[in-house]
Structure formats: C-alpha cells, structure tokens
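Welcome, and thanks for taking a look at this protein with us. Please have the sequence and the 3D view open side by side as you read.

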Amino acid sequence: MDKQNAQMNAPHPGTNLPAGYPPQYPPAAFQGEINHSFSPRVGDYYSKAGHPGYLGPQAAYPGTQAGYSGPQPGYSVPPPGYSGAGPVGFPVQHQPVYNQPGGPAVVPWMPAPPVPPNCPPGLEYLSQIDQILIHQQIEILEVITSFETNNKYEIKNSLGQRIYFATEDTDCCTRNCLGASRPFTLRILDNMGREVITLERPLRCVSCCCPCCLQEIEIQAPPGVPVGYVVQNWHPCLPKFTVQNERREDVLKITGPCLVCSCCADIDFEIKSLDEENVVGKISKQWTGLVREAFTDADNFGIQFPLDLDVKMKAVMLGACFLIDFMFFESSGNREQRAGVW
C-alpha cells in the first residue's frame, strides 16, 4: 500500500503536474477507444500511435461526417450571412445582402461576364444588358450650402447590381463659376477600381439662339481611345443630338421633348434611327419625388437600347445621358421647374 501511494504522489514524467495529481490521460483500458488528444501547451493535435486501438488517420474528410442528421434539438441556427468565426486576424468575405436588419442595404456588383471579341477592356459588362440605371448621389454639403461639389453616380443593371461607379473630376472654381455649363471630365470605374470609360465635355455655347459651337461630349474606352461622340444639333424648339462613332460617322439620333420639365412624370429622350423613323430606345429622366426634385439636383436616369447594340455605342449612350443631365437638369435654377413649382 505504501509503495502504491508513493507511485501516486511521485511527479509524472513528461508533464508539468505536481505530485498528487493523476495523469491527464485515461487508463490503459480505455486508450484503445481514443485516437487523438489535444496538447494545451503547443495548441495542436498529436496522435497516440503507439497505443493499442489506434486506427491511423481517417479517410478523406469530406466536410460532413457520415450519418450526420442535422442540428441537434435545441441547437440555434446561425443567422443568414453568418460565415463562421474564422481565424483571428484574417478578413472574412461576406456575400452582399440586401437590407440586413440593423444595417444599411449593400449593393452587389454585377458578376463579370465573358469578354466578347473586339471588346474594349471593361465594356464586357454592357454586352449582356439592354437597360442601364443611373443614380446620382445626394451631396449633403451641396444641399445645405448650394456649394457645387463633384457629382457622383452609381450605374446599375435592371437587377440593381452595380456595373460602374462614375465620379466627376472638375476643380472648385470651374464648378462654382460656370455651373451646369462647365466643361468636365467624368471618370467611370469598374468593380476593381479601374478607369474603363472617360467622358470629356469641352466648354461650349449653351444658347439655343446660336447655331454654332454647340454642346458635345467625347467618350473614350479605354481612357485616351475615343469610341464615339454625342453632338448637339441646332433646333429652335426641340433638343436634338447626333450619336457618332469613333470615325465621326453618324449612327443614331436623339430627340427630346419641347418642354424639358414635368411634374410627377418621367421625361423621355427618344433614341431613333438616322432617318428618325424608328425608335430603338430612350433615355429617361425619372421622377424622384417632390422634395428631392425641389431641393437637390441629384437625378435618376434610365437608358434603354437594343441588346445587340455594339458595346461601344452603349458606352456612348452613357455619355449622352450625362450630357443631357448637365444641360437640362443640373442647374439649381431649374429645380423649381423640375418639381412643377412655378
């Protein structure tokens, strides 16, 4: 009995336990049922391959053990969007979700489609869509102080997925001295932050009484490589434009209404064939509500065009939409007219 007590009180080799503590592994009778243990000192698994009953590494672990029948009773199901704890210090990527409870709505990016032949880089997103939505962001500083800031736009497809993000690049003096008639550079970025389209609007005459030096915009894709132009045509009553390709050849026509103002309704600019006999699409300035129309110049636009239209011409339609926005809807003096308040 004394010899047995001495053995129990002696320190156990290979451990940091003082005398009097039993070893932290089960007796030999149960060692055949346990294959692995956890070492708190090294934080990793080690195997007791020398003990009887060890079967070696398990077969390829597929992620779910055979015979698993789902959560046990009483087990709480993780909320949607939960992706597990993950290693500390490593970012966890979440899939974009709309309207998460307690948080702002997250706008997903459109997945990149296959690149068609002879497509400028970044324009492949336009190859599979026939409708574009453009939402201008509201600038709080501009609303409060009327201090003109650089415009920013979200460009989405009909599913609400973001295709591009557009931002104006104009200096403060030009914005606030020249207003809506200012020349500007608009840079359009894809989901990787690459500039894929550049819009260049030079300083031009804004009077309908002057038939020369009218408005135009140049569309470049990629930046520095022109793919088309939108040129204003003189008309005493109607806003008219011609869409041209990179060789300055006429491709399409755009015609707007005689009165570019409306209350509680959209304003449509029709995209027509060269002979103006057929309507192939439209650029719509969408009604956004009385308060927003009266107190901000942040507008929403929709562009519709044929699905099989060349991607370069679809990019030119984007330029036409921004030119129309600046010519007819950007000026703060037109806010009351746009809201129907005379």
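What follows is a short tour of this predicted model, from the overall make-up to single residues.

**Overall make-up**

- The protein has 342 residues, and 36% of them are buried.
- Its secondary structure consists of 7 helices and 14 strands.
- Among contacts with a sequence separation of 6 or more, 42% link residues that are 24 or more positions apart.
- The accessible surface amounts to about 19,900 Å², and carbon and sulfur atoms contribute 58% of that.

**The barrel**

- If you trace the strands in the viewer, you will find 12 of them closing into a barrel, in the order β3-β4-β5-β6-β7-β8-β9-β10-β11-β12-β13-β14, with antiparallel pairing.
- From one strand to the next, the twist averages 20°.
- Helix α6 packs on this sheet and touches β3, β4, β5, β6, β7, β8, β9, β10, β11, β12, β13 and β14. The direction of α6 makes about 150° with that of β10.
- Strand β8 (residues 216-220) is joined to strand β9 (residues 226-233) by 5 bridges, and the two run antiparallel. Within this pair, Q220 has P226 of β9 as its bridge partner.

**Strand β14 and its two partners**

- Strand β14 covers residues 300-304, and because 4 of its 5 residues are buried, it is largely enclosed by the rest of the structure.
- One partner is strand β3 (residues 131-136), which runs antiparallel to β14 and is joined to it by 5 bridges. Here L133 has G302 of β14 as its bridge partner.
- Another partner is strand β13 (residues 279-286), which pairs with β14 over 5 bridges, again in the antiparallel sense. In β14, N300 is the residue that stands opposite Q286.

**The nonpolar core**

- The largest nonpolar core holds 51 residues, and the members that touch the most others are I134, Y164, I197, I283 and F322.
- Helix α6 (residues 311-329) supplies 14 residues, the largest share of this core.
- As background, nonpolar side chains tend to be buried together in soluble globular proteins.
- I197 is a good residue to click on: leaving aside neighbours within four places in sequence, its contacts include Y164, L186, I188, I219, A315 and L318. R187 and Q220 are also among the residues in contact with I197.

**A closer look at T255**

- T255 belongs to strand β11 (residues 250-255).
- Is T255 buried or exposed? T255 has a relative accessible area of 10%, so this residue counts as buried, the cut-off being under 20%.
- Beyond residues up to four places away in sequence, T255 touches L238, P239, K240, D268, F269, E270, K272 and E276.

**Cysteines**

- How many disulfides does a search of the whole structure find? The search finds 0.
- C172 is in no disulfide, and its nearest cysteine sulfur belongs to C173, 7.2 Å away. With a relative accessible area of 38%, C172 is partly exposed.
- C177 is in no disulfide either; the sulfur of C173 is the nearest cysteine sulfur to C177, at 3.8 Å. Why does C177 at 3.8 Å form no disulfide here? A disulfide requires the two sulfur atoms to be within 2.5 Å, so the 3.8 Å separation does not qualify.
- C177 counts as exposed, with 59% relative accessibility.

Conventions. Residues numbered from 1 in each chain as written. Predicted model: local features only at pLDDT ≥ 70, side-chain atom pairs only at ≥ 80, totals over all residues. Heavy atoms only, no water. Buried < 20%, exposed > 50% of the residue type's maximum accessible area, 1.4 Å probe, protein only. Pairing = 2+ DSSP bridges. Contact = heavy atoms within 4.5 Å. Core = buried A, V, L, I, M, F, W, Y, C linked by side-chain atoms within 4.5 Å. Axes fitted to C-alpha atoms, helices over the stretch in contact; angles between N-to-C directions. Areas by Shrake-Rupley, 256 points an atom, 1.4 Å probe, with all protein chains shown as cover.
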